[in-house]
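Here is a friendly walk through one protein model, written for someone who likes to think in atoms and grids. Have the viewer open and follow along.

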Amino acid sequence: MENAPRERLRQHQLDRLRVLLAQVLDSNPFYRQKLFDCGFRSPQELNSLDDLARLPFTTKRELVADQASNPLFGTNLTFPLDRYVKFHQTSGTTGRPLRWLDTDASWQWWLRCWAAVYRAAGVGPGDRVFFAFGFGPFIGFWSAFESARLVGALSIPGGGMSSEQRLRSLLENNATVLVCTPTYALHLADIARREGLDAARSAIRVTIQAGEPGGSIPSVRQRIEDAWGAQCFDHTGATEVGATGFSCAARCGVHLNESEFIFEVIDPLTLEPAREGELLVTNLGRAGMPVIRYRVGDIVRLDESPCECGRTYARMAGGIIGRADDMVTVRGVNVFPSAIDAIVRQFQAISEYSSEVVRSGELDALLVKIEVRDSDGEDVAAALGSHIQRQLSLRPVVQVVPEGTLPRFELKARRFFDRRAKN
Ligand SMILES: [Zn+2]
């Protein structure tokens, strides 16, 4: 399906969507109610994919409320509870964690989606995949770990270890693939440097990043590739939806796995279809606990032009641009933290930074604090300031602070803060 003509792909999506709708109308209380509420009674009412727009959105808030009023797992269950074999929960960073269950068939579907990520990164027999991940109830890389055997690779778990132990394990076991967040890939490389080891001379030849946009930000990707002497691939996904996307060797965006999902993009304000905006996800192979038109919260720009790799799947140009709830407006300019990250990471001399939006008198201002290594701080600050002004149309205040004063991050970085008082 990865190379199928788009017309055939759309027919495939429509066929699978009808099957899914028949299943949820039959026995999923959550979706049966939602579909009934908008007058939708039968999958036969779906004549084309355009009819999908008749169905309601699904939001995280709705799912959280459903689980709160129908403990423990809510009503988005298509089968009796004893059919489910996997339990996970969301990290809960944006509120109460959601519990998520998968049947064996739904879990096998997850693994197939991850196999597509590995294939696109050229990972297969002979590879040893190291997972720098805690293996707690967060779904994270559990599916990636189990999926490695589908492509014939050896999986090495990195849970329950300190960063130093992980580094030693992946070096001693000659791991060839590193799977972790972009921040953690850089953190591990930093530790290697501190211990007098050269990560670039390790056996790692591929890194697969997830959890943050870094794998698609050219300057961050370059740092990871230089640090590890490897080729860096991006992957997107979420507990509620599955493994949605992956980058290929052509490096022009993140492919959306359109044989296993239907993706739509809407303007987050008008809710009308758009080329750039918020991603809606319908998964087609996770009938146990599916999502239909789920507002996953990622802001993307769709690109359906042919990819050099031959896949016909649409791409998210530049990966995930940001989270809908992360975007801030400063003096009329829409700013995503990832856009600032992309600019700052072009400066090798900046070892750490943080950025914040502050109120300065009557006006909002973007304040960027930087730590500078082996260079003149004021020169770097001036160059960064003009770069940001040119690329974001917003003049920042850049402040040089002593090395070691800004927070460091291991797993996920949080370098952006909105300090304006909220009324
Ligand atoms: Zn491609």
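A cavity here is a set of grid points where a 1.4 Å probe fits but cannot get out, and a residue lines such a space if it has an atom within 4 Å of a point. With that in mind, note that the model is predicted, and let us begin with its enclosed spaces.

## Cavities and a pocket

How many cavities of 30 Å³ or more does the count come to? The count comes to 2. The second largest cavity holds about 30 Å³ of space. Its lining is made up of Leu-63, Asp-66, Gln-67, Phe-73, Gly-74, Asn-76, Leu-98, Trp-100 and Met-289. Helix α3, residues 60-69, gives the most to this lining, with 3 residues.

The largest cavity has a volume of about 50 Å³. Around the largest cavity you will find Thr-236, Gly-237, Ala-238, Val-241, Thr-244, Leu-279, Val-281, Val-296, Asp-298, Met-316 and Ile-320. Two or more lining residues come from each of the strands β7 (231-238), β11 (276-283) and β12. Of the elements, β7 gives the most, with 3 residues.

Now for a space that is open. The second largest pocket contains about 490 Å³. It is lined by 23 residues, and the closest to its centre are Arg-10, Asp-50, Phe-263, Glu-264 and Val-265. Elements that give two or more residues to this pocket lining are α1 (6-27) and β10 (261-266). The largest share, 5 residues, comes from β10.

The table sets out the classes of residue in each lining.

| Space | Volume | Nonpolar | Polar | Charged |
|---|---|---|---|---|
| Largest cavity | about 50 Å³ | 7 residues | 3 residues | 1 residue |
| Second largest cavity | about 30 Å³ | 5 residues | 3 residues | 1 residue |
| Second largest pocket | about 490 Å³ | 13 residues | 1 residue | 9 residues |

## The zinc site

Which residues coordinate the zinc ion? The donors are Cys-248 (SG), His-255 (NE2), Cys-307 (SG) and Cys-309 (SG), at 2.1 to 2.2 Å. The 4 donor atoms subtend angles of 105 to 113° around the zinc ion, so the arrangement is tetrahedral. For reference, the ideal angle for four tetrahedral donors is 109.5 degrees.

Along the sequence, the donor residues follow the spacing C-x6-H-x51-C-x1-C. The pair His-255 and Cys-307 links distant parts of the chain, 52 residues apart. His-255 sits in strand β9 (residues 254-256), while Cys-307 belongs to the loop between β12 (294-303) and β13 (315-316). Both His-255 and Cys-307 are buried.

## An enclosed helix

Turn next to helix α8, residues 218-228. Of its 11 residues, 8 are buried, so the helix is largely enclosed by the rest of the structure. The buried residues of α8 are Ser-219, Val-220, Arg-221, Arg-223, Ile-224, Glu-225, Ala-227 and Trp-228. Just after α8, Gly-229 takes a positive phi of about 55°.

## Three buried residues and their contacts

The next stops are individual residues. Where is Glu-260 placed? Glu-260 is in the loop between β9 and β10. Its relative accessibility is 13%, and because buried means under 20%, Glu-260 counts as buried. Beyond residues up to four places away in sequence, Glu-260 touches Arg-16, Trp-109, Cys-113, Thr-282, Asn-283, Leu-284 and Gly-285.

Leu-302 lies in strand β12, and at 15% relative accessibility Leu-302 counts as buried. Setting aside neighbours within four places in sequence, Leu-302 is in contact with Leu-256, Val-265, Arg-275, Ala-314 and Arg-315. Asn-334 is 32 residues from Leu-302 in sequence, and their C-alpha atoms are 19 Å apart in space.

Is Ala-349 in a loop, and between which elements? The loop that holds Ala-349 runs between α9 (337-344) and β17 (350-360). With a relative accessible area of 15%, Ala-349 is buried. Leaving out neighbours within four places in sequence, Ala-349 is in contact with Glu-371, Val-372, Arg-373, Ser-375 and Val-380. Ala-349 and Val-380 are 31 residues apart along the chain, with 7.5 Å between their C-alpha atoms.

Definitions and conventions: Residues are numbered from 1 along each chain as its sequence is written. This is a predicted model: local features need pLDDT of at least 70, side-chain atom pairs count only at pLDDT 80 or more; totals for chains, interfaces and linings use all residues. Side-chain values use heavy atoms; hydrogens and water are left out. Donors are N, O and S atoms within 2.8 Å of the metal (3.2 Å for Na, K and Ca); water is not among the atoms, so sites may look incomplete. Four donors count as tetrahedral if all angles lie between 85 and 135 degrees; four count as square planar and six as octahedral if opposite donors are over 155 degrees apart and all others between 65 and 115; anything else is irregular. Helices (H or I, at least four residues) and strands (E, at least two) are DSSP runs, numbered from the N terminus. Buried means under 20% relative accessible area, exposed over 50%, partly exposed in between (1.4 Å probe, protein chains only). On a 1 Å grid over the protein atoms alone, a cavity is a set of points where a 1.4 Å probe fits but cannot get out, and a pocket is an open set with protein on both sides within 12 Å along at least five of seven lines; lining residues have an atom within 4 Å of a point. Grid points are joined across faces, edges and corners, and a volume is the space filled by probe spheres set on the points. Ala, Val, Leu, Ile, Met, Phe, Trp, Tyr, Cys and Pro count as nonpolar, Asp, Glu, Lys and Arg as charged, and the others, Gly among them, as polar. Contact means heavy atoms within 4.5 Å.
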